Every structure is written in C-alpha cells, then in structure tokens.
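Reader: I am new to this structure. Please pick one part, look at it closely, and then work outward from there.

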Amino acid sequence: MKVLHVAAEIFPLVKTGGLADVLGALPQALVRAGADVRLLLPGLPAILHGVEMQESVWSIGAIFGAGQVTLRRGTIARSGVTAYVVDAPYLYKRHGNPYLAADGTEWSDNVQRFALLGWVAAHLAAGEFDANWTPDVLHTHDWHAAMACAYVACRPVTGVATVFTVHNLAYQGVFAVEDFHLMHLPSRLMVPSGLEYHGQFSFMKAGLKFAHRVTTVSPSYAREIATEAFGCGLDGVIRARGADVSGILNGVDPGVWNPASDAALAAPYSSGALAGKAVCKAALQKELGLVVDAKAPLFAVVSRLTQQKGLDLLLAAWPLLLQDTLASGAQLVIQGSGDAALEAAFAAAAQAHPGQIAVSLGYDEALAHRVIAGADAMVVPSRFEPCGLTQLYALRYGTVPVVRAVGGLADTVVDANPHHLAQDSATGFLFDAAEPQALVGALRRAIACLRDAPTWARIMLRGMAQDFSWSSAAEQYIALYEDAIRRPK
Ligand code: ADP
Ligand code: GLC
C-alpha cells in the first residue's frame, strides 16, 4: 500500500508543536507495518536544507503567484523515508515560524502558500509529477494540507483514497472570499455545502467535507468535536460525517523520548534504575535557579502558551495552592512561548518568587527533555486537548501527569482515586472543571501522594510501564486506509 503524507511540519526540521512529532514518527511506523510511505512538505528553508539528496522530479513552473515551482525528491536522514519537497522560494523561503511573520501576524499570502501545498499533493496523487510512484492513499494533516482533499475531489476520478487528520480544530485556515479566485478551484465550491464558511472560505472544511475519512488524534476528541462546545463552529459538519470520523491515539517515538538513552539529561535512568531521576531533578533546579531540594514537589509545564492550554488556570491556582502548608516549598517550572500576556504574567510570577518559580520563555528542545525528566509532575490543564504529547512523554519519564480530564488527556491518564490505586492502575491526577479551584484540588492530591513515597513510586512505575507505541497507531491507520480504499464513500 502506497501512502503519501502531506504536512507543514516535521520533527526535527520544522516544529511548532506536536504535529511535527507525529510526522517525525508515524511515517516510519507505517513503513515498519509494511506500507510504502512518502512525504510531501513545503520547501521551507529548514526542510530544503534538511532533506538529503534532493533531485528535481518535475518543473511545475509559475503558479499561485510563485515565479518558479519545482518538485524535488530526497530522503529524511533520521528515518530514511522519501520526501517530496515543493521548492517555491517566493512563497516558502522565509526563516522562523512556518505560519507567522516575525511580528506574530499570519503571512499575508498564506492562502497561496498552503493552496500550493494541497494542489501539488493532488497532482502528485494523480500520477502527473512522478510516474514511478502514485499513492493509493493521500493522508493530509491539519488545515495546511487539507485543501488537497478538495483538489482531488474536483478532478476526474483518480482512484486515490483521501484521509484528513485533525490535529487541532481551532486553527482552520479561513480566508476572505475575495481570495477565492486565487485557489484554482471551481466557484461552485463557494457554497455552504462546500468550502464557504460564514461568508469566507475554509481550508479545514475542505478536509472535513471532501476527505473519504476524517480522523483526530484521540478517541475522546473525535467525540468532543461533534459537540457545540468543542466543534469550533464545525460540529455540524463533523456530525454529518457520522462514522467517517474516528480517533486514533498518537504514540511516543522511543528514539527521541527515552530516559535511558536521552543525551540531553544529566543522568540516564529507567524504571529498573531510578537513581538518575533524582540527579536530573537536582540538575534542573540548579540550571533554572530553583532551590536545590530533593524533597520540594517540583511541577512543570512545557507548552505553547495559548488559551487552549489553560495555563491562566495555573497562574490563578498557584497562590491558592501555596495557602496550604502541605504545599509550602512547592516549585514550578514553566517552559513555553506564545501569548504575550501569559509570558509576561509568568515572568512576573518568577520574579516575585525567586527560587520557587522558574520561567524559560522560548523554544528549546533539549531543555524540554531536561524539564520533563527533572520534574516530579507535569501539569497540563488544557481547555481542550486533541491528544497532547507532553503527558505521554512525562509518563515515560516517570513524571506524573496532573491533567484536565479532556480529549487525549482523559484517554491517556488514569486518575489516582482510591479505586484505581487499589487496582494499581493509577498513573496520574485528573480534574474536571476548567477552574483554578479544581486544578488546586488535583495539585493538592498530587502533593499528598508525593509525601507518601511508596504510593508515589507505584503511580510512577505504572506510568513508565504504559505502552503508547506508534506501532499500534500504525496498525489502526492501515486498517482505516484499507477500508477507505475499498469503500471510498
Ligand atoms: P501542541 O501540539 O498542542 O502544542 P503537544 O503536547 O501535542 O501540544 O505537543 C507539544 C510539543 O511541543 C511537545 O513535543 C513539546 O515538548 C514541545 N514543546 C512545546 N513548547 C516547547 C518549548 N517552549 N520548547 C521546546 N519544546 C516545546
Ligand atoms: C495538536 C494538538 C495536540 C496534539 C498534536 C499532535 O497540536 O493541540 O493535542 O497532540 O496536535 O497530534
């Protein structure tokens, strides 16, 4: 089975979040499961530079405002997976964030930048650009690649089955109707049953409407996005797709996230030899200027700082938590970047509580590993969470997750309530309401448990023993691909 994945990010070349981690691991897992997998990526500088042995496979010429577009083919060094790269300097030769300019606003030509990606995907899938390789399945990720599904649907029957994965429904790629003429799409699609969305048009809708199958990255999020509360205005479209929408949980790449072989850590450790974890905690406290104290409960966050992640709840919860003498001495590490107000609020909190709260603004992959290894507990208080990867990494690193019971967080963490503790199935702490008091309750339970060393050790070891492997996800995707090929609609 030949599968072409289309996405805007791939670890370690271009990463703004978990999407990159998925594209860095899933293709390889599918190859191990027997599929013939290739990638299609935009020619951002880091991708053109990082994909090895790029030969030109097709000269596409001038389109979407770019003077010269060339399709190249090379190899992703760390996985050996073949990647096609859309080389369009006019649209993609820009350093920094793939979606935003340096001032934080969207690139003004994003409509052409991501229309081109989808358009090339559809033509490649039709066998027009590489006669030697035509996919059976075109698998597109997030709005950046979604338009491929509309381009395929508008062409004479190509035989390719299309799959669209929603990693985050909140980012939709909505553009002004005046830009629709740039799309090289028939105007009959500018209707509510097509791409039209409240007087504008939506890339996300192209995936939701036209893909043969729609997936999300956890079973709970698949159910949630069919409701008004989580549907971001598209729940009706999602409900209308019925059983075509399903959830497949992401995995962890053990080549990147393994405390026994992680080069970023002060000391390696594993469930059988945990001494290194205490070394990592002390090293992290020292590195970030916290009081070096093995007994201080150390909570951590590694996250984009956005409304989604609920970190305003943590800001409000922390002073409430510290009112309790049980929590005195508790420490907090925040690693993240994003919303300017949140960045400023966390920086101010760190200034007000030196030695107790440390904040590292900006993006640093190696530091993220050290934070996840060195903390006792990982806090993920998200308002919504399609899957969430940091709680999975935390589980593997013996860092107990304290998470809101939503989306993929609810699917991957088992609450340490008396019932689960008795069954020895508990792996973390969950809370329901998106309110500071509810988070305080979960943090208090975690601290109380941390003071009870044997119970904490059981929760930690149960978490480390969880198997969130990509091979299970790969098997589910292959079954879905087979079904989509057999029964496209
Ligand atoms: P999302 O994709 O919504 O941002 P995930 O939990 O799925 O959330 O994935 C986030 C990924 O980004 C993880 O690999 C996490 O370690 C990483 N990450 C987030 N913020 C930072 C940061 N400031 N520095 C380094 N890595 C980060
Ligand atoms: C999105 C989601 C996150 C998910 C990631 C990878 O960015 O916000 O929950 O883990 O995609 O699928």
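Author: E55 stands opposite R73 in β4. These two residues belong to a hairpin, made of β3 and β4, with 2 residues between the strands. Strands here are DSSP runs of E with at least two residues, helices are runs of H or I with at least four, and both are numbered from the N terminus. The model is predicted: local features need pLDDT of at least 70, side-chain atom pairs count only at pLDDT 80 or more, and totals for chains, interfaces and linings use all residues. Residues are numbered from 1 along each chain as its sequence is written, chains are lettered from A and ligands numbered from 1 in the order in which they are written, and side-chain values use heavy atoms, with hydrogens and water left out.

Back to the hairpin. β3 runs antiparallel to β4 (66–76), and 8 bridges join them. Two strands count as paired if DSSP finds at least two bridges between them. In the turn, F64 takes a positive phi near 50°.

Now the sheet around that hairpin. It is open, and its 9 strands follow the order β3-β4-β5-β2-β1-β6-β7-β11-β12. The pairing is mixed. Strands of a sheet pair through backbone hydrogen bonds, either parallel or antiparallel. β3 (51–63) is an edge strand, and so is β12 (245–247); each pairs on one side only. Neighbouring strands are turned by 20° against each other on average, with direction ignored. Axes are lines fitted to C-alpha atoms, for helices over the stretch in contact, and angles run from 0 to 180 degrees between N-to-C directions.

Move along the sheet to β7. Strand β7 (161–166) runs parallel to β11 (213–216), with 4 bridges between them. F164 stands opposite V214 there. Helix α5 (142–153) lies across β1 (2–6), β6 (137–141) and β7. It runs at about 145° to β6. Contact means heavy atoms within 4.5 Å.

A second sheet is also open. Its 6 strands run in the order β15-β14-β13-β16-β17-β18, with parallel pairing. The edges are β15 (357–361) and β18 (429–431), each paired on one side only. In this sheet, the average turn between neighbours is 15°, direction ignored. 5 bridges join β14 (331–338) to β15. G336 has L361 in β15 as its bridge partner. Helix α10 (311–322) lies across β13 (298–305), β14, β15 and β16 (377–380), at about 150° to β13.

Next, a helix pair. The axes of α16 (436–450) and α17 come within 6 Å and cross at roughly 115°. That makes α16 roughly perpendicular to α17, a term for angles of 65 to 115 degrees; under 35 is roughly parallel, over 145 roughly antiparallel and the rest oblique. From α16, A446, C449 and L450 meet A453, T455, W456 and I459 of α17. This contact has 6 nonpolar, 1 polar and no charged residues. Ala, Val, Leu, Ile, Met, Phe, Trp, Tyr, Cys and Pro count as nonpolar, Asp, Glu, Lys and Arg as charged, and the others, Gly among them, as polar.

L450 and W456 turn up again in the second largest pocket. They lie nearest its centre, together with K281, A294 and D376, in a lining of 22 residues. α9 (275–287) and α17 (453–464) are the elements giving two or more residues to that lining. α9 gives the most, with 5. The lining has 13 nonpolar, 3 polar and 6 charged residues. The pocket holds about 490 Å³ of space. On a 1 Å grid over the protein atoms alone, a pocket is an open set of points with protein on both sides within 12 Å along at least five of seven lines, a cavity is a set where a 1.4 Å probe fits but cannot get out, and lining residues have an atom within 4 Å of a point. Grid points are joined across faces, edges and corners, and a volume is the space filled by probe spheres set on the points.

Last, the closed spaces. The whole structure has 3 cavities of 30 Å³ or more. The largest has a volume of about 60 Å³. Its lining includes F11, G24, R78 and Y393. Helix α1 (18–32) supplies the largest share, 3 residues. The second largest cavity holds about 40 Å³. F11, G24 and R78 are among its lining residues, as are L39 and I76. α1 gives the most here too, with 4 residues.
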